[in-house]
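Student: I'd like to understand one part of this structure properly rather than skim the whole. Could you pick a spot, look at it closely with me, and then show me how it sits in the rest of the chain?

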Amino acid sequence: MPNIQVLPQELADKIAAGEVAERPSAVVKELVENSIDAGASSIEVEIRKGGIEYIRVSDNGCGIEASQVETAFLRHATSKLRSIDDLYSIGTMGFRGEALSSICAVANVEVITKTAETEEGVLLRLERGSVCERETIACGDGTVMVVENLFENIPARMKFLKKNSTEAGYVADVLGRIALSRPDIAFTYICDDKEVFSTSGDGKLQNVVLKLYGVEHAKAVIPVDYTEDNVRIAGVIGKPELARGNRSRQTLFVNKRYIKSNAASKVVAEGYRNSIMVGKFPFFVLNIEIAPECVDVNVHPAKTEIKFSNESRIYEILYHAVANGVRGGGAKVIPAEKTADNNSTPTRSASENTPKQAYTPSLGTYSTGREERVSPKLVREYLDSVIPKNEPENKAETAKTDSGMVYSDFNFLDEELPPDKVLTVREEDEPSEVSASEPEEKEKYVPPSVPPSAIGQIFDTYVLCRCGEEFWMIDQHAAHERARFERLKMDYYSKQRMSQMLLNPIILKLDFSEAQTVLSNLDAYRSFGFDIEDFGSGSIIVNATPYIGSEAEIRDLVLEIAEALGEMSRYSIADFEERLLDMIACKYAIKANRKLNAAEIQEVIDTVIRLESDGIKTCPHGRPIKIVFTKTEIEKLFKRRL
Ligand code: ADP
Ligand code: MG
């Protein structure tokens with residue numbers, strides 16, 4: 001029978017530490033939150049090599065008293081929480097007393113700190129959790145924490161980290177979010193000796209947006225300040241033109257604490273209804289200010305989920321705040337007692353507002369006569385319907401929303417596979433590499449005895465045709481995507497780069513982390529047919545792309561690739577190249593839900609035959625390209641045959 005043993009303290013600390021200090025950005029978050037709790041008005045963060053080699057957080061806060069410095073590094077040592085009651089009324093960022101002990105278990109830490117009351121400060125150095133140096137030194141008020149060689153003693157964790165540039169990007173994200181939550185504090189971020197951003201601490205959120213996202217964003221934000229039922233929603237939302245293809249520029253805080261919530265993101269999007277394209281996510285930085293007892297704060301410090309005691313009501317207020325902002329409602333306070341009274345007469349502020357109709361939420365409304373209100377039950381139902389339940393991605397569905405907008409200028413006939421060349425080039429040049437990555441088994445290919453004849457297209461998505469004794473249904477997107485993918489793969493492996501110069505190069509302003517990823521991977525981009533250069537101050541210029549697409553397509557693709565490259569672990573995955581090729585193929589392939597003309601229908605059929613002659617029957621994701629019913633099968637279905 002196995003012996004039950006108590007873990008040695010050092011091991012237990014290491015395990016706990018892994019949870020709090022998961023990666024450099026998590027360490028930065030903990031240290032910066034400590035600085036905020038210490039009342040600092042100015043905080044500087046410097047990292048080197050993604051923060052793995054070096055992290056420094058300096059503040060001008062209250063400092064730690066000389067006699068307490070060692071205590072601060074003990075497990076569960078905190079100056080912020082004394083009793084269990086405090087848990088519910090906590091106003092500080094950290095209170096578990098775990099951060100410093102965790103960090104010093106997985107890195108070497110040096111702290112220099114001084115309070116205003118003393119003349120001299122203290123320098124303390126800890127290696128592997130124990131003090132190895134202590135001296136009294138002359139220094140300014142406040143605290144400097146230096147964390148070096150993170151995870152040096154835990155190789156397994158080290159492996160789990162991403163590339164330096166990706167980790168540096170995470171740090172930028174974390175610090176950027178904190179800066180957005182505290183416009184009253186001046187933050188500076190330095191990465192590998194370069195200043196990335198610096199906020200002034202003048203208390204104006206719009207100025208933080210300017211420093212982090214650039215002037216375009218700062219000019220296109222709408223301030224929001226809306227209070228209902230003692231819940232205050234304040235911050236900025238972006239005008240519809242700032243909407244992007246992902247959620248990276250959506251920031252939500254609850255009582256200044258950063259929270260990730262897809263449900264809230266959907267509620268905000270709902271507030272923009274009709275003014276933002278489906279699939280685009282509006283820009284926002286919002287804080288929900290709510291009585292602490294309505295929020296379960298006792299969650300793990302590294303987690304960003306939250307529980308509200310009355311979730312649907314809060315989302316309802318969030319929706320009202322955004323809808324009010326979108327229609328230019330300005331700051332607004334709806335007193336709690338009036339809100340409860342559904343029969344009250346219309347107030348002026350509500351009736352002043354512009355047409356209701358355009359912003360009626362799809363979740364169903366009932367009118368109180370004074371303010372557009374949403375029934376909490378309906379919000380609940382709506383949220384249930386939008387919160388993903390691990391449903392598989394539905395490509396056709398997404399494509400539907402795009403149809404007619406992005407792809408209207410797409411010319412399918414320009415994009416055909418080179419006839420026959422596919423087979424020969426591949427087999428002569430790189431047979432092993434290409435065929436090794438081929439998931440399908442190659443059966444002996446028998447070409448159709450008669451040429452297939454097109455019947456037409458149904459649901460704007462499937463091409464129908466008859467081939468001898470067979471009836472074919474072809475998924476137009478799957479077929480085209482696969483053809484594209486094969487073509488790209490061929491070009492990629494034969495080093496014959498497919499690249500087209502853009503008449504008008506595209507300039508993209510990126511987030512720091514995105515710019516880092518793109519610029520540190522220019523060669524990778526080049527090998528996929530992009531020509532991208534640094535355009536200074538976080539912008540890049542795209543001169544050439546694998547295929548000519550609309551500006552929006554190219555922008556999305558560059559960012560999607562950046563995201564994928566950022567995700568790539570330090571030890572690259574073998575099939576990573578194919579994932580990128582597929583991303584490109586998917587972006588430019590003809591979509592489902594697009595009406596095809598006769599020539600295009602024929603082209604789809606020809607593409608399928610070419611792919612099949614090459615033994616390919618599925619799209620790059622493994623979905624079938626073609627479904628076949630034989631005449632016999634159809635006869636059986638109609639019970640003409642048994
Ligand atoms: P917690 O923040 O949960 O209390 P930490 O391990 O993060 O736990 O910090 C332990 C204690 O060290 C804090 O409660 C605080 O008293 C002190 N401390 C940490 N960082 C600073 C700082 N930058 N300035 C002043 N005091 C600090
Ligand atoms: Mg802390």
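Tutor: Let's start with Glu486, which has a relative accessible area of 1% in this predicted model. The cut-off for a buried residue is under 20%, so Glu486 counts as buried. What does its side chain meet? It meets the side chain of Arg482 in a salt bridge, at 2.9 Å from N to O. Arg482 has a relative accessibility of 2%, so it is buried as well. Why can these residues reach each other? They belong to helix α17, residues 476-493, and because they are four residues apart, about one helical turn separates them. Elsewhere, salt bridges with shared partners tie Glu44, Glu46, Arg48 and Arg56 into one network.

It helps to set this pair beside others. The whole structure contains 28 salt bridges, one of them between Lys29 and Glu33, at 3.5 Å from N to O. Here again the setting is a helix: Lys29 and Glu33 lie four residues apart in α2 (residues 24-37), about one turn of that helix. Glu33 is buried, at 7% relative accessible area.

Arg182 and Asp184 give you another case, with their side chains joined by a salt bridge at 2.9 Å, N to O. Is Arg182 buried or partly exposed? Its relative accessible area is 24%, and since that is not under the 20% cut-off for burial, it is partly exposed. Asp184 is also partly exposed, at 38%. So while Glu486 is a buried partner at 1%, Asp184 is a partly exposed one at 38%.

Now for the rest of the chain. It has 642 residues, and buried ones make up 49% of them. Its secondary structure comprises 23 helices and 25 strands. Of the contacts with a separation of 6 or more, 69% join residues 24 or more positions apart. On the outside, the chain exposes about 31,200 Å², with carbon and sulfur atoms supplying 52% of that area.

Further along the sequence from helix α17 there is a small piece of strand structure to look at. Strands β23 (residues 531-534) and β24 (residues 539-545) pair in the antiparallel sense, over four bridges. You can follow the pairing residue by residue: Ile532 stands opposite Val542 in β24, and Glu533 has Ile541 of β24 as its bridge partner. In a regular strand, side chains alternate between the two faces of the sheet. Between β23 and β24 the hairpin has four residues, and Gly536 in this hairpin takes a positive phi near 85°.

This hairpin is part of an open sheet of three strands, in the order β22-β24-β23, with antiparallel pairing. The edge strands are β22 (500-509) and β23, each pairing on one side only. On average, neighbouring strands of the sheet are turned by 20° against each other, direction ignored.

To come back to where we began, find Glu486 and Arg482 in your viewer and look for their salt bridge at 2.9 Å. Then turn to Arg182 and Asp184, whose salt bridge also has an N to O distance of 2.9 Å.

Methods: Residues numbered from 1 in each chain as written. Chains lettered and ligands numbered in written order. Predicted model: local features only at pLDDT ≥ 70, side-chain atom pairs only at ≥ 80, totals over all residues. Heavy atoms only, no water. Salt bridge = Lys/Arg side-chain N within 4 Å of Asp/Glu carboxyl O. Helix = DSSP H or I, 4+ residues; strand = E, 2+ residues; numbered from the N terminus. Buried < 20%, exposed > 50% of the residue type's maximum accessible area, 1.4 Å probe, protein only. Contact = heavy atoms within 4.5 Å. Areas by Shrake-Rupley, 256 points an atom, 1.4 Å probe, with all protein chains shown as cover. Pairing = 2+ DSSP bridges. Axes fitted to C-alpha atoms, helices over the stretch in contact; angles between N-to-C directions.
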